[in-house]
Amino acid sequence: MKKRKFYGIFAILLVFGVYGYEYYINEQDLAENVQEGARVKSEGRIFYLPTSTTGQVIHHNGYSLSYSEPHEQAEWVAYELKKSHLSRSTFERPYFEVDQAVKTGAASWRNYKNSGYDRGHLCPAGDKNYSKEAHDETFLTSNITPQNHDFNSGIWNTLEQKTRSWARKYDGVFVVTGGVLKGNMKTIGNERVAVPNQFYKVIYDAKHEKMIGFLMPHKNSNAPLANFVVPIDAIEVLTGIDFFPELEDALEDRLEASNSPTGWHF
DNA sequence: CTGGTGGGC
DNA sequence: GCCCACCAG
């Protein structure tokens, strides 16, 4: 066997070996994620979900959500983004499916057809590329909200990518995200899916005990992400949701209202 | 990465 | 309903 050929085969085996190991590790992670009531037990840590203003909390394998029937979308979606979830591989986009776990009936994807709005993921598919099952689960309509394409593919996408980079840098983060379902909103489709005027994202770094919140108008912007940082409390007042109830008091004081919270590297 | 449309069977 | 090609920020 020639040396070049040997190294070629060796490289291929190495690549498959690494991906195989990551797949094995991720499957173990999924099995360890026990969900009970309003709590998610993850790696020995009890993670309290946000409060629900709608009374309809649903747990999927990769994320939980609180569904607002009047707005035909989730008021929040919450999940842990582990460092081990980050993956270079990707999966083919499946078709959107109505979430059968929503007892009041989740919105149909047809509301979005020719609406001029994207079917915008709340929990991004890009955060779930560690397995096809987890990836496809993000294509339930309960995880979707109407978004301007420029916003979705613009600054919102930038924030989602920054979140992934923080998960890599800080060894995982917890994420809660959604549209602000308040005030006068446009609707789309027969089921009148509300188009939020603002979107928020709350990110919690459990390892370093720090938290950051973003509030963005529903329009694209070229401004730096740091310009959209707000105190978590401001998002709570706006939405009526309590994020991370058991941690909030201790961390809230530490989070300054400034545009560059300590510890978060932009 | 984030998404869309149109055509064929 | 599903799959494919092709498109844009």
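This is a short walk through chain A, its nonpolar cores and the residues around DNA strand C.

Okay, ground rules. What we have is a predicted model, where local features need pLDDT of at least 70, side-chain atom pairs count only at pLDDT 80 or more, and totals for chains, interfaces and linings use all residues. Residues are numbered from 1 along each chain as written, chains are lettered from A and ligands numbered from 1 in written order, and side-chain values use heavy atoms, with hydrogens and water left out.

So, the overall picture. Chain A has six helices and 14 strands; those are DSSP runs, H or I of at least four residues for helices and E of at least two for strands, numbered from the N terminus. Of its 266 residues, 47% are buried, and buried here is under 20% relative accessible area, exposed is over 50%, partly exposed is in between, using a 1.4 Å probe and protein chains only.

Now the inside. In soluble globular proteins, nonpolar side chains tend to be buried together. By a nonpolar core I mean buried Ala, Val, Leu, Ile, Met, Phe, Trp, Tyr and Cys residues joined through side-chain atoms within 4.5 Å. The largest one here has 42 residues, and Val-77, Phe-214 and Met-216 touch the most other members. Elements giving two or more residues include β6 (73–81), α4 (155–169) and β13 (210–217), and α4 gives the most, with five. There's also a second, separate core of 19 residues, including Leu-49, Leu-215, Val-230 and Ile-241.

Take a look at Phe-214. Beyond four places in sequence, its contacts, meaning heavy atoms within 4.5 Å, include Leu-159, Trp-166, Phe-199, Ile-235 and Phe-266.

Then there's Pro-217, found in strand β13. Is Pro-217 buried or partly exposed? Partly exposed, because its relative accessible area is 37%. Outside its neighbours within four places, Pro-217 is in contact with Phe-151, Asn-197, Gln-198 and Phe-228.

Last stop, the DNA. Which residues are around DNA strand C? They're Tyr-95, Trp-109, Arg-110, His-149, Asp-150, Ser-153 and Asn-157, where near means a heavy atom within 4 Å. That set divides into two nonpolar, three polar and two charged; Ala, Val, Leu, Ile, Met, Phe, Trp, Tyr, Cys and Pro count as nonpolar, Asp, Glu, Lys and Arg as charged, and the others, Gly among them, as polar. Of the strand C atoms within 4 Å of the protein, sugar and phosphate account for 44%. Two distances to finish: a polar side-chain atom of Tyr-95 lies 3.1 Å from a base nitrogen of DNA strand C, and one of Arg-110 lies 2.8 Å from a phosphate oxygen of that strand.

Conventions
A polar contact is a pair of N or O atoms within 3.5 Å; within protein, one must be able to donate a hydrogen and the other to accept it, and residues adjacent in sequence count only if both atoms are side-chain atoms.
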